[in-house]
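Here are my notes from going through this one, written as separate points so you can check each against the coordinates. Have the viewer open while you read.

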Amino acid sequence: MFDIAIIGAGPAGASAALFAAKAGKKTVVIDSGKGMTKRARLENLYGIQEVSGPDLVDIGIQQFKKFGAAYIKDVVNNAQKNDAGFTITTEKNGVIEAKHLILATGLGLDLAEKLGVEMKAGTEPRIKTVLVADAEGKTNIDGVWAAGTCAGVSVHAVITAGDGAKVAINVISEMNGERYVDHDILQPK
Ligand SMILES: Cc1cc2nc3c(=O)[nH]c(=O)nc-3n(C[C@H](O)[C@H](O)[C@H](O)COP(=O)(O)OP(=O)(O)OC[C@H]3O[C@@H](n4cnc5c(N)ncnc54)[C@H](O)[C@@H]3O)c2cc1C
């Protein structure tokens, strides 16, 4: 049983996974590798001069794997809520169990629809429909959270990544029963 399953390894999902894994939560990321970020070339990502979308996605995956999150390249076909959390059905890797589910599926809303997550009209250019999530990232289904493009935030990597981090911090804080921060301190030379 994983603490947190994240569907999607674009900026939103990978950033959520980085925080979750670094916080010591047993984390799995399942991603079909078909995100919009792979078509981008970014020059407006704070702290980075320029990066190609495919490189950004690869670096994100390496970052969360470094802290122990599992990465599965697969399609999630379905997810069902049960008493302990969620049963997640993948195309090639069978069934995965997790207590919390973060949807970071970009433009893909099929899984959210199967789970019964409420939706609404999107406000961003070319984003017709998004999931209804509160300020913390919670959807109408207890234990299902939404982050990034699918949650309706501005479609820019710095924002979707920040939103993924925000949602993960909220999940971690709820699991820990107190607010969580992840601050590494620079040691004097
Ligand atoms: C052509 C183009 C150029 C862009 N240029 C810029 C730019 O210059 N600067 C900028 O800031 N932003 C740019 N963007 C936008 C930027 O890429 C997005 O804001 C951001 O990366 C989206 O992040 P995300 O994590 O929400 O979604 P995505 O990166 O789309 O990731 C979603 C992931 O979820 C996976 N997924 C979905 N459903 C399932 C499922 N059922 N099972 C398993 N996996 C699933 C997908 O395969 C995908 O990997 C550009 C976008 C495009 C299309």
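1. Let's start in the sheet. β8 and strand β11 (residues 144-146) pair in the parallel sense, over three bridges. If you want a place to look, Leu 103 stands opposite Ala 146 in β11. Keep in mind throughout that this is a predicted model.

2. β8 also pairs with strand β7 (residues 86-90), and here the two strands run antiparallel, joined by four bridges. Thr 89 has Val 95 in β8 as its bridge partner. The two strands form a hairpin with four residues between them, and Gly 94 there takes a positive phi near 70 degrees.

3. Next comes β1. Strand β1 (residues 2-7) and strand β8 (residues 95-103) run parallel, with five bridges joining them. Two pairs to click on: Ala 5 has Leu 101 in β8 as its bridge partner, and Ile 6 stands opposite Ile 102 in β8. β1 is mostly covered, with five of its six residues buried.

4. β1 has a parallel link to β2 as well, made by four bridges. There, Ile 7 has Ile 30 in β2 as its bridge partner. To get from β1 to β2 the chain passes through α1, and this β-α-β crossover is right-handed.

5. What about the core? The largest nonpolar core has 55 residues, and those touching the most other members are Ala 5, Ala 16, Ala 17, Ala 20, Ile 102, Leu 103 and Ala 168. In soluble globular proteins, nonpolar side chains do tend to be buried together. Which residues does Ala 17 touch, not counting those up to four places away in sequence? They are Ile 6, Thr 27, Val 29, Phe 64 and Ala 69. Ile 6 is thus a contact of Ala 17 as well as the residue opposite Ile 102 in β8.

6. Now the ligand. How many residues surround the ligand, and which are the closest? There are 33 of them, and the closest are Gly 8, Gly 10, Gly 35, Gly 106 and Gly 148. The shell divides into 15 nonpolar, 15 polar and three charged residues; glycine counts as polar in that split. Among the elements, α1 (11-22), β2 (27-31) and α4 (157-176) each supply at least two residues of the shell.

7. On α4, take a look at Ile 159, which is placed in that helix. Is Ile 159 exposed, partly exposed or buried? It counts as partly exposed because it has 15 C-beta neighbours inside 10 Å, and buried would take 20 or more. Leaving out residues up to four places away in sequence, Ile 159 touches Val 153 and Ser 154. Ile 159 and Ala 12 are 147 residues apart in sequence, but their C-alpha atoms are 8.3 Å apart in space.

8. Last, a backbone detail to check. Arg 126 has a positive phi of about 65 degrees, although it is not a glycine. Where is Arg 126 placed? It is in the loop between β9 (119-121) and β10 (129-131). Arg 126 is exposed, because only 8 other C-beta atoms lie within 10 Å, and the cut-off for exposed is 12 or fewer.

Notes
Residues are numbered from 1 along each chain as its sequence is written. This is a predicted model: local features need pLDDT of at least 70, side-chain atom pairs count only at pLDDT 80 or more; totals for chains, interfaces and linings use all residues. A nonpolar core is a set of buried Ala, Val, Leu, Ile, Met, Phe, Trp, Tyr and Cys residues joined through C-beta atoms within 7 Å. Two residues are in contact if their C-beta atoms, placed from the backbone, lie within 7 Å. A residue is near a molecule or strand if its C-beta atom, placed from the backbone, lies within 6 Å of it. Two strands pair if DSSP finds at least two bridges between them. A crossover is right-handed if, with the strands pointing away from the viewer, the path from the first strand over the helix to the second runs clockwise.
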